[in-house]
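Reader: I'd like to learn how to read a structure like this one. Could you walk me through it, one feature at a time?

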Amino acid sequence: MGIDDLPKNTQEGNIQHRRANELAGACLRNFPAGATVFEPGREDSSILFVNYGWTICAKHLPNGTRIVTEFALRGDLISTTSCALAQETVQAVSPVSLYEFPGRLLGRGLDLSPQFTKIIVTEMIKRQARMSERIANIGRRDALERTGHLLLELGIRASEIARPNFDGFVCPLKQSDIGDAVGLSTVHINRVLKDMRTNGLVSFRNGIVEFLDRRKLMDLVDFDPEYLATHIG
C-alpha cells in the first residue's frame with residue numbers, strides 16, 4: 001500500500017492525502033492491537049499521522065499505575081519527540097496504520113514546507129485544547145461528568161456507525177482505558193456506565209457506544225464541542 005492508496009472520498013481522506021504528499025519518503029507502518037508504537041528511551045524521532053485505528057498515549061508511573069493523556073485516532077498527529085519528553089508510551093488498542101515521517105520537529109533532520117508546518121502546528125493546537133479538557137475533567141468534574149464528556153468527545157472524533165435510528169460509534173477501549181483517562185478505577189467506571197445506561201444516557205457494550213440521549217447528556221455534563229473544531233485560523 002502506498003501514499004496514493006490513502007482514502008480520498010471523504011474530507012478526512014483528502015486532508016490526509018495532502019498531508020502524506022507534503023514530504024517524500026513517508027513510510028506506512030502497521031501495528032496489531034496491543035503493540036507498542038513508541039516507548040520512552042528510543043532515540044528515533046518522527047512524526048506519525050494515524051491512517052486508521054486507535055492508539056493510546058499514556059504515562060506509566062512508578063507505582064504501576066498509568067495516566068492516559070490522549071487517544072490518537074484517524075487523522076491525528078503523534079510526535080515521538082514530544083512523547084519522549086513527556087515520557088509517554090504510545091500503544092495500539094486496535095489494529096493501527098500510521099504514516100511516519102522521520103525527523104525531528106526542531107533543528108536539522110526535517111525539511112518542512114509551509115503547508116506541512118501549518119498542519120503540524122494546527123494538530124498541536126488541537127491536542128492542547130483536548131489536554132485542557134482532560135485537566136478540567138480530572139480537576140473539577142465529577143465521575144459522571146468526566147466519563148460523559150470523554151465519551152461525547154470520542155463520539156465526535158471517531159467514525160460513527162451509519163445505521164438508521166442509531167447514534168453511536170465503535171469503541172475498542174476497555175473500561176480500564178477510560179478509567180485511566182478520567183482518573184477513576186475500573187470498578188468506579190463500571191458503576192458510572194451502569195448508572196448512565198439506567199438513566200437513558202449512554203450504553204457501552206461489546207465495543208459499541210450508543211448515545212441513548214446525546215442532547216440530554218451534553219446538557220448534563222456541559223459539553224461544548226467547539227474545542228474540537230476541525231479548522232483553525
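**Sheets, a buried serine and packed helices**

Author: Let's begin with a sheet. Four strands make an open sheet in the order E2-E7-E4-E5, and their pairing is antiparallel. Keep in mind that this is a predicted model.

Reader: Which strands are the edge strands of that sheet?

Author: Look for strands that pair on one side only: here they are E2 (36-38) and E5 (66-72). From one strand to the next, the twist averages 35°.

Reader: How many bridges join E2 to E7?

Author: Two, and E7 covers residues 89-92. For a concrete pair, take Thr-36, whose bridge partner in E7 is Gln-91.

Reader: And at the other edge, how many bridges pair E4 with E5?

Author: Six, again in the antiparallel sense, with E4 spanning residues 55-60. One facing pair is Ile-56 and Phe-71, the latter in E5. E4 and E5 also form a hairpin, with five residues between them. In that turn, Gly-64 has a positive phi of about 95°.

Reader: Is E5 mostly covered or mostly open?

Author: Mostly covered, as six of its seven residues are buried. For the chain as a whole, 46% of the 233 residues count as buried.

Reader: Let's zoom in on one residue. Why does Ser-97 count as buried?

Author: The cut-off for buried is under 20% relative accessible area. Ser-97 has a relative accessible area of 0%, so it counts as buried. You'll find Ser-97 in strand E8 (residues 96-102).

Reader: What is Ser-97 in contact with, leaving aside neighbours within four places in sequence?

Author: The list is Leu-28, Arg-29, Asn-30, Phe-49, Val-50, Asn-51 and Tyr-52. With Asn-30 there is a side-chain to side-chain polar contact of 3.4 Å.

Reader: Now the helices. How do I describe two that are packed together?

Author: Two numbers do the job: the angle between the axes and the distance between them. Try H3 and H4: their axes come within 9 Å and cross at roughly 160°.

Reader: Why are H3 and H4 called roughly antiparallel?

Author: Angles over 145 degrees count as roughly antiparallel, and that is why H3 and H4 get the label. The crossing of H3 past H4 is left-handed. On the H3 side, the contact is made by Arg-130, Glu-133, Arg-134, Asn-137, Ile-138 and Arg-140. H4 brings Glu-145, Arg-146, His-149, Leu-150, Glu-153 and Arg-157.

Reader: Which residues of H5 are buried?

Author: In H5 (residues 175-182), they are Asp-177, Ile-178, Gly-179, Ala-181 and Val-182. Their cover includes E4 and E5 from the hairpin, along with H3 (114-140), H4 (143-157), H6 (186-198) and E10 (202-205). After H5 comes Gly-183, with a positive phi near 75°.

Reader: E10 is new to me. What is the order of the strands in its sheet?

Author: E9-E11-E10, an open sheet of three strands with antiparallel pairing. Its edge strands are E9 (168-170) and E10. Neighbouring strands here are turned by 10° against each other on average, direction ignored. H4 packs on this sheet, touching E9, E10 and E11, and its direction makes about 105° with that of E11.

Reader: And how do E9 and E11 pair?

Author: Over three bridges, in the antiparallel sense, with E11 at residues 208-211. There, Phe-169 stands opposite Val-209 in E11.

Definitions and conventions:
Residues are numbered from 1 along each chain as its sequence is written. This is a predicted model: local features need pLDDT of at least 70, side-chain atom pairs count only at pLDDT 80 or more; totals for chains, interfaces and linings use all residues. Side-chain values use heavy atoms; hydrogens and water are left out. Two strands pair if DSSP finds at least two bridges between them. Axes are lines fitted to C-alpha atoms, for helices over the stretch in contact, and angles run from 0 to 180 degrees between N-to-C directions. Buried means under 20% relative accessible area, exposed over 50%, partly exposed in between (1.4 Å probe, protein chains only). A polar contact is a pair of N or O atoms within 3.5 Å; within protein, one must be able to donate a hydrogen and the other to accept it, and residues adjacent in sequence count only if both atoms are side-chain atoms. Contact means heavy atoms within 4.5 Å. Angles under 35 degrees count as roughly parallel, over 145 as roughly antiparallel, 65 to 115 as roughly perpendicular and the rest as oblique. A crossing is left-handed if the near helix is turned anticlockwise from the far one by less than a right angle, and right-handed if clockwise.
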